[in-house]
Amino acid sequence: MRIRNKPWAMDYLEEHSHIVDITNAYEKNIHDFFEEEQPLHIEIGTGMGTFITELAKRNPDINYLGIELDKNIIIRVVEKIVEMDLKNVRLVLLDANFISDYILPDTASKIYLNFSDPWPKTRHAKRRLTHQTFLSRYESILKPGCAIQFKTDNRGLFEYSLQSLNAYGMKFEEIILDLHEEEPEDNIRTEYEEKFSGNGSKIFFLKASF
Ligand code: SAM
């Protein structure tokens, strides 16, 4: 995904502060960001937001929080939320490293990770969003027993994630090695998923709970 730097990005995001939190105004206060108090599901690394906006449209009784660290990319999600007039999606411009400072313990019911950056070099393993440091942050903000759902085209990252989640003691609920072979009706393809599937890559899927 090649996104140009947009010099007007922060002005645009400030104008839409009812949709995207750029100043950590809702730190430890996330339910106040939404119109209705409903279960909270989180996507980390929304990209351009096709997944989270479609999911929110299909499930109006769930609140969705998208976390994305790139201001030039998150603009595209804000645009979709405005266009689709979604009341149950809110965004935060945040590095997921700080997710458990931002969100109180036992707050969310599900976390989605879609096509997270693979960080293939061993010395960068700590940056992978399925590294045990991230798992412990997810465990803290999730209610007990709740799950993370992960999709990737990257076999190395998938194998690493299986090992990491297993070593953390998570319970695997579903593992699919070729998601598009018999694509579930409720699968929502992300931008990367469309791209990689179009190139003939297999899509790996897992769901695991704490
Ligand atoms: N999920 C989208 C998809 O499947 O099309 C985008 C995938 S893209 C490879 C990874 C996204 O995660 C990028 O938009 C990147 O800015 C974001 N990201 C990477 N590390 C992150 C972090 N630590 N916190 C928040 N977002 C992150």
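In which sense do strand 3 and strand 4 pair, and over how many bridges? In this predicted model, strand 3 (residues 63-68) and strand 4 (residues 89-93) run parallel to one another and are joined over five bridges. Within this pairing, Leu65 is placed opposite Arg90 of strand 4. Both strands belong to an open sheet of eight strands, arranged in the order 1-4-3-2-5-6-8-7 with mixed pairing. The edges of the sheet are occupied by strand 1 (20-21) and strand 7 (171-176); each has a single partner strand, so one side of each is left without a neighbour in the sheet. Helix 6 (residues 155-168) packs on the sheet, where strand 6 (142-152), strand 7 and strand 8 (204-209) are touched by the helix. The direction of helix 6 makes an angle of about 15° with that of strand 8.

Strand 8 includes Ser209. This residue has a relative accessible area of 4% and is therefore buried, the limit being under 20%. The side chain of Ser209 forms a polar contact of 2.8 Å with the side chain of Glu173. When neighbours within four places in sequence are set aside, the contacts of Ser209 comprise Gly145, Cys146, Ala147, Met170, Lys171 and Glu173.

The aromatic side chains were examined next. The count of aromatic pairs comes to ten. One of them is formed by Tyr26 and Phe33, whose ring centres lie 4.0 Å apart with the planes at 10°, so the pair is stacked. Tyr26 is partly exposed, at a relative accessible area of 23%, whereas Phe33 is buried, at 5%. Together with Phe34, Tyr26 and Phe33 form one aromatic cluster.

In the pair of Tyr192 and Phe196, the ring centres are 5.6 Å apart and the planes stand at 50°; the pair is therefore tilted, since this class holds angles that are neither under 30 degrees nor over 60. Both residues lie in helix 7 (residues 191-198), and because they are four residues apart, about one helical turn separates them. With a relative accessibility of 25%, Tyr192 is partly exposed, while Phe196, at 17%, counts as buried.

Arginine side chains are also placed over aromatic rings. Arg127 lies over the face of Trp119, at 4.6 Å from the ring centre. Arg128 is positioned over the face of Tyr160, with a distance of 4.5 Å from the ring centre.

Methods:
Residues numbered from 1 in each chain as written. Predicted model: local features only at pLDDT ≥ 70, side-chain atom pairs only at ≥ 80, totals over all residues. Heavy atoms only, no water. Pairing = 2+ DSSP bridges. Helix = DSSP H or I, 4+ residues; strand = E, 2+ residues; numbered from the N terminus. Contact = heavy atoms within 4.5 Å. Axes fitted to C-alpha atoms, helices over the stretch in contact; angles between N-to-C directions. Buried < 20%, exposed > 50% of the residue type's maximum accessible area, 1.4 Å probe, protein only. Polar contact = N/O pair within 3.5 Å; in protein donor to acceptor, adjacent residues only side chain to side chain. Phe/Tyr/Trp six-rings, centres within 6.5 Å; stacked < 30°, edge-to-face > 60°. Lys NZ or Arg CZ within 6 Å of the ring centre and 35° of its normal.
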